[in-house]
Each structure stands twice: as C-alpha cells, then as structure tokens.
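Hi,

Here is the structure I promised to pass on. Have a look at it first, and then read my notes below.

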Amino acid sequence: MGTVVTLGVADAGGTGTDSSVEFDALVQAYRPRVFRFLLASLRDRESAENLTQDCFLRAYRARDQFRGASSQGTWLMQIAINLVRKHESSSRLKFWRRALHPGVHPEDLGDWISDRQVTPEAAIVAKEQVRAIWSVVAQLSERQRTVFLLRFVEEMDLLEIAGATGMKEGTVKTHLFRALQSVRAKLEVTK
Amino acid sequence: MNTHLSALQISECLIDGSEPFVEQHARECDDCRAELEFLGDSLSRFRGALGRWSSHVDGAEYQIVFRGTPARHVHGSWRLAGVSSLAAHAMLLAAVFVLGTFHPVQSLVKQRFTELIVDLRPYLAENKRHSGGGGGGGARQVLDASKGKLPKPEPRHFNPPRVDPVEAKLQMPPSIIAPPDVPNLQANNFGDPLSKLGIPSNGTGLGGGIGSGAEGGVGPGHGVGAGPGSDAGFGGGVYTAGGGVSAPHLLFKVEPEYSEEARKAKWQGTVLLSVIVDEMGRPNHVKVLRSLGLGLDQKAMDAVSQWRFKPGQKDGKAVPVIATIEVNFRLL
C-alpha cells in the first residue's frame, strides 16, 4: 500500500477516506460484499473481479466527493450497480457473452449449498430450491435482480436500497414484490 | 383468521416487516407460517450458497485494486476458440470465392493485373491451321477438278486422293496432311470442296491428287494439303504472327483525320481494325473490329489503307499476315 498517494484532504464531514490506511480498511470491509453482488449479477468470475477492482478504483478517485450522505457500503454498492448497468448496456459485450454462453448458467449454484443437511433427501431439496431461485434470478430484469440481491443476499434495508439504486422506496418495494412473486411461483413448481 | 395471507402480505413480511395483525396471523396460522418459513429458508439457503461460491472464487488480493484495471484475460474454452476460428476462416474463404464469381470483380482483377497474362504466342509451336499451307494436285485432265469431300487428314501422306478410286488388293486410304478439324463436306466421292463441277475429274494439275495445283494434295496450291498455298495444311488463309511467322513492320504511316461530326461532338476513342498485310506490304481487306462511329471508322480505314509495311515472313519468305491495328482518336 506504500504506492498509494493521498490525493487530498477529505471534506469537513469527516466521513471521507482521507488516507490510504482508511481506504485500505474500507476495501477490507466491503470487498467481499461488492464482489458477491457483482458475481451474482454478472455470473462471471472474470467480469466480477474486473468490476470489483473498477468499483474500488472509482471509489478511491472519487473519495473526495463522498459527502457522507449515505453509508460507505451504500455508496460502494451504488458504484457497483452503475458499473453493472454500464457493463450490461454494452451491446458488443452482450453479443459475445451470448455467443460464448448460449442460455446456460456458467455456475450451478446448487453445488454450493451447506453440507450440514440432516439427510440426503433434505440436501436434494435444498439443492433444488437454490437452483430454482438461481434460475429465476437469471430471468429477472436488471432492476428486479438488483433489488432482489441487495435485499435478500446483501440484506440491505429498503432505504439503503433506494439510496444505492436511486429509486424511490415504493418503486424498490414494487420491484422486490415482483421478483419475489417470480421466485415463489418457481418454488411452488419445485415443491 | 379464516382467510390466509395474500401474496402481497407474505411478500411484505419477507421484505420489510408488515402490519401487526399480519405478523400475528403469521404466528398463529400454520399454513401461512409454513409458507413464510419455506420461503425464508429457501432464500437463506440461496444466500448461503451464493456466499460460499463467492468466497471460494474470490481468491484475489484486495491490494491489486490500486494497480488499476488489469488487462482482460482471454477466457473461454480452447475447443470453442478453435471451432470459431475454423468457422471464421471458412467463411472468409467462402466470401473470397463468392466474390470471385461476380463479373465486376473479375473484370476489375483483369484490369489491375494485366501483367499476369503473359503472351505465349511467340513460344508456341507452329499452328498449322492458322499458318496457311495448302495443297494441289491433278492428273492433267481437261476438266477442272470436280466437287467432293476432302480425304481424311493425316499427319503423314502416302497416297494422293483420286476422284475415281483405283482398284487394289490392299487398299491404302488416300490422305492429305492437314489438321484433323479441317472443314469438309459430306459426299460419296473425293474431290475439291470448293469446286462447282459435278462431272468426275481429277483436275488440270499434275503430280497426283485433285485440282489445278501440284504435288498430290487437293486444290490449286503446291503441296500435300488442301486449298491454295504450299506445303501442307489447309491453305487459302493468311498467317498470323507468331509460331515462326514474323509480324509485319510499319514503314510508312498516314495520320488519320478527324471527321467534322466527331470534332464537333468532341468524340474520342479507339477504332480497332483488322487488316491483312500482303506479301508486298500493302494492307488489304481492312475491316472494322471495334467501331467508334461519327465517321471516324471510315477515316481510320482510309488512313490505314495508305500505310506501308515490311511484310511478315515465314522461313525467309514474305507471306500475308493478318494483323489488328488500333487507331486512336484524341482531341488535344
């Protein structure tokens, strides 16, 4: 971390990261969350790693502009959401992604369930449930998927999600409701 | 308590808590509680699986954040890469071939790469059909040769043809030395295809054969071929340069005049003429191969008719040679 140059003193709010040590702590604290969100959104390890780095690089460059209006986690997640949107709107990438991964999920999330299931039957059921949710999440719109992941994976509350996505709280709720309906419908089928 | 929670209420429970009576119902109604627990369990398993996967693949050190965005690695399977590459190359190749079938492309290539088309004519062997020749014969009879078909063209000559065949124990079919595709006619008897006489006669010539010439061929020439001319082959034609025949060499030239109409219309271009340069070096049989119009064709023919050549030669002798002449008309 010795190569990091301090770009300036943070604003009077005092919440800005005005030293590389503070930023280091921020990265340590939030990197897993940001990476997990990006991985779940993009389903591609390489892209998720690239965008995670992009996210923190942007945060580092813009840390002087962080006014402390929201928590650091929300702020970072806001950057990550914007990166995902930008990534997905790139039609060139979209074409190649479709060409390389035509309709199959690159990762079977059912393989990553907890191995502390009571019986093999319970393990199979759990696996099916996780797979069902994972397949529904892939079909959700970008907004619905984002709010769903933020709420049920990152466990952010509605206000934080609204802050991170730039949507109103009611809109977030509507998107969450629709996403949850899709998940429920799919889970009913697998029941 | 008779009605269960609606979808919206269940979702609200999961999303953000809900009204106190909904929560109370959820505690008391077994069905609704089971539904909520099922959904909650599923979501928490999903969260757990995602977390495990994420922490498993997240092996990167966070310090590299400060190195900026790294170059993208090439990912994907090698097999896919190979198949894609093969397909791309095949498509490219097919595109080149398909493009090559289009006429504009072909003409463009011909225009651009004229140096690829080498003129091989000077190196080719003598072409008998074009290099003249001829034959003649006769039996000193009173009448001219009668009309009939030519004998079979052969590369070697043994037996001169006769109109009235000679009875012999061992028949040797008569032949002439000529290319195999010499023009012929359908008839029962041998004769000169160019004759008009129907009465059988071997002609006024000498040396065997048919016609007014000599040396055992057919026709008025000297040789064992057919037609006018000498030596062998199918005569009566003119030579073309190449294959032992030298091209005529221009000695004297008259510049063509511009016609009045063409001058007014500012008409420019090239007239392509075909001439036969005879043994004396004079152009004969001037014909227009590619016309330009507006009186320029006639002007070109008038001018070229006055030109004088050193005649083309074959074996040291001047021979008539057909040549094409381009006459350019340019307004300065």
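**Where two helices of chain A meet**

Let me start with a contact in chain A: A:L158, A:L159, A:I161, A:A162 and A:T165 of α7(A) meet A:E169, A:V172 and A:K173 of α8(A). Sorted by class, this contact has five nonpolar residues, one polar residue and two charged ones. Bear in mind throughout that you are looking at a predicted model.

As for the geometry, the axes of α7(A) and α8(A) are 9 Å apart, and the two helices pack at an angle of about 100 degrees. Angles of 65 to 115 degrees count as roughly perpendicular, so that is the word for how α7(A) lies to α8(A).

**More on α7(A)**

Helix α7(A) covers residues 158–165, and six of its eight residues are buried. Which ones are they? The buried residues are A:E160, A:I161, A:A162, A:G163, A:A164 and A:T165. Among the elements covering them are α3, α6 and α8 of chain A. Right after the helix comes A:G166, with a positive phi of about 80 degrees.

**Chain A as a whole**

If you scroll through chain A, you will find eight helices and zero strands. Of its 191 residues, 39% count as buried. Take the contacts in chain A with a separation of 6 or more: 60% of them are between residues 24 or more positions apart.

**The nonpolar cores**

The largest nonpolar core has 55 residues, and A:V34, A:L38 and A:A80 touch the most other members. Which elements give two or more residues to this core? From chain A they are α1, α2, α3, α5, α6, α7 and α8, and α3 of chain B joins them. The largest share, eleven residues, comes from α1(A), which spans residues 20–42.

A:V34 is a good one to click on. Setting aside its neighbours within four places in sequence, A:V34 is in contact with A:T52, A:C55, A:L76, A:M77 and A:A80. There is also a second, separate core of 15 residues, and its members include B:Y239, B:L292, B:V319 and B:V327.

**Over to chain B**

B:Y239 turns up again in a strand pairing, where B:Y239 stands opposite B:V321 in β13(B). Strands β6(B) and β13(B) pair in the parallel sense over two bridges. They belong to an open sheet of four strands, in the order β6-β13-β8-β9 of chain B, with mixed pairing. Which strands stand at the edges? They are β6(B), residues 239–240, and β9(B), residues 283–290. Each has a single partner strand, so one side of each is left without a neighbour in the sheet.

The other part of chain B I looked at is helix α1(B), residues 7–16, whose buried residues are B:I10, B:S11, B:E12, B:C13 and B:I15. What covers them comes from both chains: α6 and α8 of chain A are included, together with α2 and α3 of chain B. Just after α1(B), B:G17 has a positive phi of about 70 degrees.

Cheers

Terms used. Residues numbered from 1 in each chain as written. Chains lettered and ligands numbered in written order. Predicted model: local features only at pLDDT ≥ 70, side-chain atom pairs only at ≥ 80, totals over all residues. Buried ≥ 20, exposed ≤ 12 C-beta atoms within 10 Å, placed from the backbone. Contact = placed C-beta atoms within 7 Å. Axes fitted to C-alpha atoms, helices over the stretch in contact; angles between N-to-C directions. Parallel < 35°, antiparallel > 145°, perpendicular 65-115°, else oblique. Nonpolar A, V, L, I, M, F, W, Y, C, P; charged D, E, K, R; others polar. Pairing = 2+ DSSP bridges. Core = buried A, V, L, I, M, F, W, Y, C linked by C-beta atoms within 7 Å.
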